[in-house]
Amino acid sequence: MKLSKTASIILLIVANIAIDQISKVIVRGKIATNEVIEVIGDTFIMTKVENSGAFLGMGSELSPTLKWILLLILPVIVLGGVLYYIITNKTLDKLSLIAFCCIVGGGIANVFDRFMYGSVTDFFHIDLGGVFRTGIFNVADMSVSFGMILLIIASFKQKKQEKVNT
């Protein structure tokens with residue numbers, strides 16, 4: 001049985017949201033705020049923080065009205081637009097479709113947190129000895145980042161294909 005394009009899109013997005021939300025339920029129930037759990041020494045740790053801003057806490061000092069507009073309303077409009085685009089675009093390649101589903105799923109999961117809890121639960125942190133260090137992030141952030149990487153790869157593949165065809 002083959003799923004329709006729309007059903008596949010919905011399934012991918014819902015899977016992204018579900019994995020993120022399940023991980024956050026576990027973290028909220030098992031890890032205290034700012035508790036540090038060393039998964040792999042101090043290279044990979046889990047520590048629960050509530051991020052009331054956007055990426056890396058940016059915007060956390062904004063007024064409640066601006067936060068509502070910039071972190072809830074605007075993202076919902078953008079995510080709705082992207083969802084409409086991927087459902088209606090008949091020429092979108094499979095890799096780009098998966099990428100957009102990851103981006104939309106991760107975005108919806110974080111918007112859901114902001115709406116329900118007033119903040120986003122973040123809990124992963126990676127530090128490769130100062131060479132590479134992340135902020136504290138969550139599964140939805142990984143999904144969005146993975147989707148962006150896939151979009152870049154898809155773009156390069158498309159350009160390469162266009163060169164071959166010309």
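In the predicted model, strand β1 (residues 36-40) and strand β2 (residues 44-51) run antiparallel and are joined by four bridges. Within this pairing, isoleucine 37 lies opposite methionine 46 of β2. Three residues separate the two strands of the hairpin, and glycine 41 adopts a positive phi near 55 degrees there. Strand β1 has little cover, as the number of buried residues among its five is zero.

On the N-terminal side of this hairpin, asparagine 34 sits in the loop between α1 and β1. The phi of asparagine 34 is also positive, near 70 degrees, although the residue is not glycine. Most residues other than glycine have a negative phi. Asparagine 34 has a relative accessible area of 52% and therefore counts as exposed, the cut-off being over 50%.

Strand β2 also pairs with β3, again in the antiparallel sense, and here six bridges are found. Glutamate 50 has threonine 121 of β3 as its bridge partner. Strand β3 (residues 120-126) is largely enclosed by the rest of the structure, because six of its seven residues are buried. The two strands that pair with β2 thus stand in contrast: β1 contains zero buried residues among five, whereas β3 contains six among seven.

The strands are set among helices. The protein chain holds four helices and three strands, and from the N terminus the elements follow the order α-β-β-α-α-β-α. The C-alpha trace spans about 55 × 40 × 35 Å along its principal axes. Buried residues make up 34% of the 166 residues of the chain. Of the contacts with a separation of 6 or more, 62% are between residues 24 or more positions apart.

In soluble globular proteins, nonpolar side chains tend to be buried together. The largest nonpolar core in the model consists of eleven residues, namely Ile9, Ile13, Leu72, Leu79, Ile86, Leu92, Leu97, Phe100, Cys101, Val104 and Val111. Helices α1, α2 (64-88) and α3 are the elements that give two or more residues to this core. The greatest contribution comes from α3, with five residues. When residues up to four places away in sequence are not counted, phenylalanine 100 touches Val82, Tyr85, Ile86, Leu92 and Leu151. A second core, separate from the one above, has seven residues, including Val27, Ile31, Phe123 and Val139. Of these, Phe123 falls within the range of β3, residues 120-126.

Empty space was examined as well. Rolling a probe the size of a water molecule over the atoms shows where such space is left. The second largest pocket contains about 210 Å³ of space. Its lining is formed by Lys2, Leu3, Ser4, Lys5, Ser8, Leu12, Leu92, Asp93, Lys94, Leu97 and Ile98. Helices α1 (5-30) and α3 (94-117) each provide at least two of these lining residues. By type, the lining comprises five nonpolar, two polar and four charged residues. Leu92 and Leu97 appear both in this lining and in the largest nonpolar core.

Technical notes: Residues are numbered from 1 along each chain as its sequence is written. This is a predicted model: local features need pLDDT of at least 70, side-chain atom pairs count only at pLDDT 80 or more; totals for chains, interfaces and linings use all residues. Side-chain values use heavy atoms; hydrogens and water are left out. Buried means under 20% relative accessible area, exposed over 50%, partly exposed in between (1.4 Å probe, protein chains only). Two strands pair if DSSP finds at least two bridges between them. On a 1 Å grid over the protein atoms alone, a cavity is a set of points where a 1.4 Å probe fits but cannot get out, and a pocket is an open set with protein on both sides within 12 Å along at least five of seven lines; lining residues have an atom within 4 Å of a point. Grid points are joined across faces, edges and corners, and a volume is the space filled by probe spheres set on the points. Ala, Val, Leu, Ile, Met, Phe, Trp, Tyr, Cys and Pro count as nonpolar, Asp, Glu, Lys and Arg as charged, and the others, Gly among them, as polar. A nonpolar core is a set of buried Ala, Val, Leu, Ile, Met, Phe, Trp, Tyr and Cys residues joined through side-chain atoms within 4.5 Å. Contact means heavy atoms within 4.5 Å.
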